[in-house]
Protein chains: 2
Amino acid sequence: MIEFQEALAFVLGNSNEYGEVSIPLHKANGRVLAENVFADRDFPPFNRATKDGIALNYHGISKGISKFKIQAIAPAGTPQLTLNDNTSCIEVMTGAVLPKNSDTVVMYEHITIQDGFAALTKPIIKGQNIHSKGTDEQEGALILKKGLRIAAAEIGILASVGKSTILVKKNPKVCLVSTGNELVNVDETPKPHQIRKSNSYTLEAGLLDKGISPDTIHIADDKIDTMNALTTIMSENDVVLLSGGVSKGKYDYLPEVFLELGITKIFHKVKQRPGKPFWFGKHQATQTTIFGFPGNPGSTFANFYVYFLPWLNKSLGLQNHEINVILEEEFENTTDLTRFIRAKAILKSSKIVANLIHSNGSGDLTSLTKSNGFIKLAPNRAYKIGQEVVFIPTKRIV
Amino acid sequence: MIEFQEALAFVLGNSNEYGEVSIPLHKANGRVLAENVFADRDFPPFNRATKDGIALNYHGISKGISKFKIQAIAPAGTPQLTLNDNTSCIEVMTGAVLPKNSDTVVMYEHITIQDGFAALTKPIIKGQNIHSKGTDEQEGALILKKGLRIAAAEIGILASVGKSTILVKKNPKVCLVSTGNELVNVDETPKPHQIRKSNSYTLEAGLLDKGISPDTIHIADDKIDTMNALTTIMSENDVVLLSGGVSKGKYDYLPEVFLELGITKIFHKVKQRPGKPFWFGKHQATQTTIFGFPGNPGSTFANFYVYFLPWLNKSLGLQNHEINVILEEEFENTTDLTRFIRAKAILKSSKIVANLIHSNGSGDLTSLTKSNGFIKLAPNRAYKIGQEVVFIPTKRIV
């Protein structure tokens, strides 16, 4: 049995790279960029009118002209026009290319138009209402750095520079394995001694949040079946997340099966609650990482957020940031275990504060819905109101 | 031109309900629950062993017995056994039904087994290591309330109570419309006066984050084409999000087309930057809500988060919470417009602080990737370091 910090270090130390894959732009949201992206042209690519109005040459104004002959109209999306002289103007629309020989745009609100002439009604500043070529980014500039997580804003940038396909980090292929003869399917009516599967559904939802669509399989509590099933699963997956079968029970074959299959045990059991019987290892032959979570819904749920997501982030090259919140309730951890207490964190003014959700042990799934994360409390330590503690979110807080 | 608060109130005042739909459990993550969910049995459904070990009757211990004959083994998932007498015990596995006549479970770590007898090695508390029937939830109890957003924890609960299909709020059907003759497709090489489409991609990603998969269409700057296309789109969609075509330009047909199509204008133009030319209305005949966003990428992006997402939340029955953060930089809003300034918010200790991202006007998309939201600043007001301001996140902060 090892300490939690040691266990987490082992898990993070066993992160892996899963390579890169080219995907279409519309599927890139949420993925991790695996290439540097450069501006393929200046942004904006031309001197661009930022208002609807007229374009003129300021020389005319400085020579006292206040009424300009309208020479033409330049809509957005048409090639650049040329202004004839300093006594003329060209009507320009937002997004249009600024006409050659013009240097200033006056919006419609600041002119009056009559008989083909535009008269100025407000003072003008030379160069106004122009978004100059290359002022956002110059051609060749690095605009998106490899390693960031792509969200809506980045999707827009990728579109702007013509990246219809993008290189992103490959996600690991994950298989969820539930074990336990007491489990029946969701659409079945359990006998009095049975319960329905829930862990695979919970974990699947957690993985879908990260853009990973796992396979799901149930294995009965039978040693030979388990060995055969795991052999196939490991040959086809990068990660196996199991729930159940890792405690001290007579039918908890998994630790034994893992060793017989040649999976290296990195650790088994952690001084933590919930989630103590966690078994973690790696199958060297297939390079498959094995997360053997305990079967209690609360334990599996906690371990997924406490271990698996940080491992996934690290494997994708993303940073894990520790989140601190203010405790609004005192709590004494009288055990020698690291505790993960269900909590509800909320933003109060600009501070994140958390209250504990009092639950009924690790089998109590319903209290999970009242919480949005876990507070991590060190062994044998008393915590006071107002103290900062580490928070592991299971839902988005802000 | 109206004030921002007025515009937001109009938008929220025009939210709509889109009914309910029954979907399979594995698709329910992120959706809003539209039915109350009750426990279909007690949770746990039986007195459940929470440790691997032996079950016995405490009467035996209180009469001085410390060695119990092992009568049988009760794995999880098998029907309830019956303990013969107070001198016997039954081996029980975690998750097993507590045998009849037994009331206490002793874990393997606290016994030694020899010759078919289990001898106690630690003091025992009556009733220990049992998760009693119905202590989490009693049959018929309301366990998930209509109106909450379903996440991983709720998926597990829904599975536990056998909800293989679930009633959720229907999302509105959304069509994204881009306008502007200067726009070409992402996979095309733009001519010098052209730029690539990006708004539809950005908005699509923002909608996918909310589980909405929109249709996307581009309409050329032609009045008749626009009228025909919009007529079809409105007959097939609950919401139309347009970008471009709502300013004062000669080819900004949209406001005119909207009125000719019988769309009620709720407002046009808001005293805000970016996003001022926003046109908002409703087509009474088809009950389609029209968000006419300006074409500048920064304007459309801001308006999506400032108006559309709160509108969507309200339409789905979710609450909108104002988020406050601490400003780490002073800023004076010298305009009479509500400003939405790109900002980067981070959690510093337990406080959310924000720094401004200095950008180059509303056409500057690349600065959006450096920010994770907008700070809202009131007209004609100076803000100091350390002051609380409203923050509109465009990415998850915590």
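Reader: At 41% relative accessibility, what does A:Glu256 count as?

Author: This is a predicted model, where local features need pLDDT of at least 70, side-chain atom pairs count only at pLDDT 80 or more, totals for chains, interfaces and linings use all residues, and side-chain values use heavy atoms, leaving out hydrogens and water. Residues are numbered from 1 along each chain as its sequence is written, while chains are lettered from A and ligands numbered from 1 in the order in which they are written. For relative accessible area, buried means under 20%, exposed means over 50%, and partly exposed is in between (1.4 Å probe, protein chains only). With its 41%, A:Glu256 therefore counts as partly exposed.

Reader: Okay, and which lysine meets A:Glu256 in a salt bridge?

Author: A salt bridge here is a side-chain nitrogen of Lys or Arg within 4 Å of a carboxyl oxygen of Asp or Glu. The bridge at A:Glu256 has an N to O distance of 2.7 Å, and the partner is A:Lys223.

Reader: How many residues apart in sequence are the parts that this pair ties together?

Author: Helices (H or I, at least four residues) and strands (E, at least two) are DSSP runs, numbered from the N terminus. A:Lys223 sits in helix 5 (residues 223-236) of chain A and A:Glu256 in helix 6 (residues 254-260) of chain A, so the separation is 33 residues.

Reader: Which residues are linked with A:Lys223 in a network of salt bridges?

Author: A:Lys223 also meets A:Glu260, at 2.8 Å from N to O. That second pair again joins helix 5 to helix 6 of chain A, so it ties together parts that are 37 residues apart in sequence. A:Lys223 is partly exposed at 23%, and A:Glu260 is partly exposed too, at 46%. So the residues networked with A:Lys223 are A:Glu256 and A:Glu260.

Reader: Which residue of chain A forms a salt bridge with B:Lys250?

Author: The closest N and O atoms of this pair are 2.4 Å apart. The link crosses between chains, from the loop between strand 17 (239-243) and helix 6 (254-260) of chain B to strand 6 (residues 88-92) of chain A. B:Lys250 is partly exposed at 40%, but its partner is buried at 5%: A:Glu91.

Reader: Over in chain B, which strands are the edges of the open sheet?

Author: Strands pair if DSSP finds at least two bridges between them. This sheet has 6 strands in the order 16-13-17-21-20-18, with mixed pairing. Inside it, strand 13 (residues 174-179) and strand 17 of chain B run parallel and are joined by 5 bridges. The ones pairing on one side only are strand 16 (215-219) and strand 18 (263-268).

Reader: What is the bridge partner of B:Ser178?

Author: Look along strand 17 of chain B. There you'll find the partner, B:Ser243.

Reader: Which strands of that sheet does helix 7 of chain B touch?

Author: Contact means heavy atoms within 4.5 Å. Helix 5 (residues 223-236) of chain B lies across several strands, including strand 16, to which it runs at about 165°. Helix 7 of chain B packs on the sheet as well, its direction making about 155° with that of strand 21, and it touches strand 13, strand 17 and strand 21.

Reader: How far apart are the axes of helix 1 and helix 7 of chain B?

Author: Axes are lines fitted to C-alpha atoms, for helices over the stretch in contact, with angles from 0 to 180 degrees between N-to-C directions. Residues meeting here include B:Phe4 and B:Leu8 from helix 1, and B:Tyr307 and B:Trp311 from helix 7. The two helices (residues 4-13 and 297-315) pack at about 35°, and their axes are apart by 9 Å.
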